[in-house]
Amino acid sequence: MGNAKMTEVADAMLSWYDENGRDLPWRIKGAPHHDPYHVWLSEIMLQQTTVVTVKPYFEKFIQLWPTVKDMACAPLDDILTQWAGLGYYARARNLHKCAEEVCRKWGGEFPATEEDLLSLPGIGPYTAAAIAAIAFDEAAVVIDGNIERIVTRLYRFDGTLPAARPDIKALAAQHTPNNRPGDYAQSLMDLGSRICKPKKPLCHECPIQVNCAAFEAGDMEQFPKKAPKKVKPTRRAPVFWIENERGEVLLRRREETGLLGGMMEFPSADWVEREDKADILSEVAEILAEDVGLVNELKSAKTVTPIKHTFTHFHLYLHPYIIRAETEFGGNWAVWARPEDFRDYALPTLMTKVAKKVAEGQEVLPL
Ligand code: SF4
């Protein structure tokens, strides 16, 4: 896109905004300046929520705390109470922290540059750029998911998210005008949410259709490109159902840190990627002999079909080994519990699946 075309985009967007931009409680169209406190409050509230939900909250907050100083002096509990229903309480806590810092460090006035705004609690790159552009007329490049979509479509930009984010920002920067950067940012936000939607964009209503390469090619919905989701690795491990003569089963507590930290489990080997059953069997023999001292019992061990469980980052197959311990043993491993008492122990779902599988019994296979 040449220079003339780039100004064309900004001009077309600003004219469209003058005609179609919405009046919202925190933005009055045509107002020479916007109160940074209002811009900040609305942007924080709008994260992960819709304009319709935010409106009454915004109005209530402004009524209760008309200035950032009022908010800084309010008890945190009052803010949390009024925030109820907006979710993500960490944001409400940061809101209060940020108000306090604006008062302590900046004398009750929000700093005017993107860089200084970024130093405040709870203000990330998007919010800093939005406040700098909308409240202080800084030609900051405001970029969120909606705006990324518009830019990648304009250029049929092939880079994949999230790695290509800096390149998309650089493209967006080429269009950002020095004149009315705040209105321009808001025009893009509106276009992204109302016209240039992820699915079935309303291109016939779009003011920059003539500049849009994806529209010309007819493949708007292909952009932005996203990196394919990573395939989850599969891990495997033996898990031991060791029963004593009284019908009690051995449990142990997992390490406090890490996955399922501090919960109870049937003893198992480390959950790692293992090739096949032979790998597991040799490990079973090793663990039984070295860690537990059950050398003879392995011969009579039985197994059932593995249990599959999916965690956020991997699939896990646990291969249960059912072992009758003829000799008593103790040490760190020894918490013996009857299966009917398992509910008194913090057994995670994965381990209750193991217990269920063993109890089903009919699938018991010889080793
Ligand atoms: S023409 Fe369509 S795809 Fe292109 S920017 Fe406008 S709404 Fe989005």
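In the predicted model, residues 24 or more positions apart account for 67% of the contacts in the protein with a separation of 6 or more. The protein contains 14 helices and 10 strands. Of its 367 residues, 46% are buried.

A search of the whole structure for cavities of 30 Å³ or more returned two. The largest cavity encloses about 120 Å³ of space. Its lining comprises 15 residues, and those closest to the centre are Arg-153, Cys-196, Cys-203, Cys-206 and Cys-212. Helix H9, which spans residues 145-155, gives the most to this lining, with three residues. By class, the lining of the largest cavity divides into 13 nonpolar residues, one polar and one charged.

The ligand sits in this largest cavity. The residues that surround the ligand are Arg-153, Cys-196, Cys-203, Cys-206, Gln-209, Cys-212, Phe-215 and Met-220. Six residues of this shell are nonpolar, one is polar and one is charged. Under the classification used, Cys, Phe and Met count as nonpolar, Arg as charged and Gln as polar; the charged member of the shell is therefore Arg-153 and the polar member is Gln-209. Arg-153 is also listed among the residues closest to the centre of the largest cavity.

The second largest cavity has a volume of about 100 Å³. It is lined by 15 residues, with Ile-147, Ala-172, Thr-176, Tyr-184 and Leu-188 closest to its centre. The elements that give two or more residues to this lining are H9, helix H10 (165-175) and helix H11 (181-194). H9 again gives the most, here with four residues. The lining of the second largest cavity divides into 13 nonpolar and two polar residues, with no charged residue.

Open space was examined in the form of pockets. The largest pocket holds about 490 Å³ of space. Among the 22 residues that line it, Leu-46, Val-51, Tyr-126, Asn-146 and Met-189 lie nearest the centre of the pocket. Two or more lining residues come from each of H2, H3, H8 and H11. By class, the lining of the largest pocket consists of nine nonpolar, eight polar and five charged residues.

Helix H2 (residues 36-46) has 10 of its 11 residues buried, so this helix is largely enclosed by the rest of the structure. The buried residues of H2 are Pro-36, Tyr-37, His-38, Val-39, Trp-40, Leu-41, Ser-42, Glu-43, Ile-44 and Met-45. The cover over these buried residues includes helix H3 (51-64), helix H4 (68-73), helix H5 (76-83), helix H6 (89-106), helix H8 (125-136) and H11. H11 thus appears both in the cover of H2 and among the elements that line the largest pocket.

Gln-186 lies in helix H11. Gln-186 has a relative accessible area of 3% and counts as buried because this value falls under the 20% cut-off. Apart from residues up to four places away in sequence, Gln-186 touches Tyr-17, Arg-27, His-34 and Ile-134.

Ser-268 is located in the loop between strand E5 (264-265) and helix H13 (277-292). This loop residue is also buried, with a relative accessible area of 10%. When neighbours within four places in sequence are left aside, Ser-268 is in contact with Pro-238, Val-239, Phe-240 and Arg-252.

Ala-139 is found in the loop between H8 and H9. Its relative accessibility of 34% places Ala-139 in the partly exposed class, because this class covers values between the 20% limit for buried and the 50% limit for exposed residues. Ala-139 and Pro-177 are separated by 38 residues in sequence, while their C-alpha atoms are 6.6 Å apart in space. With residues up to four places away in sequence not counted, Ala-139 touches Thr-176, Pro-177, Asn-178 and Pro-181. One of these contacts, Thr-176, is listed among the residues closest to the centre of the second largest cavity.

Key. Residues are numbered from 1 along each chain as its sequence is written. This is a predicted model: local features need pLDDT of at least 70, side-chain atom pairs count only at pLDDT 80 or more; totals for chains, interfaces and linings use all residues. Side-chain values use heavy atoms; hydrogens and water are left out. A residue is near a molecule or strand if one of its heavy atoms lies within 4 Å of it. On a 1 Å grid over the protein atoms alone, a cavity is a set of points where a 1.4 Å probe fits but cannot get out, and a pocket is an open set with protein on both sides within 12 Å along at least five of seven lines; lining residues have an atom within 4 Å of a point. A molecule sits in a cavity or pocket if more than half of its atoms lie within 2 Å of its grid points. Grid points are joined across faces, edges and corners, and a volume is the space filled by probe spheres set on the points. Buried means under 20% relative accessible area, exposed over 50%, partly exposed in between (1.4 Å probe, protein chains only). Contact means heavy atoms within 4.5 Å.
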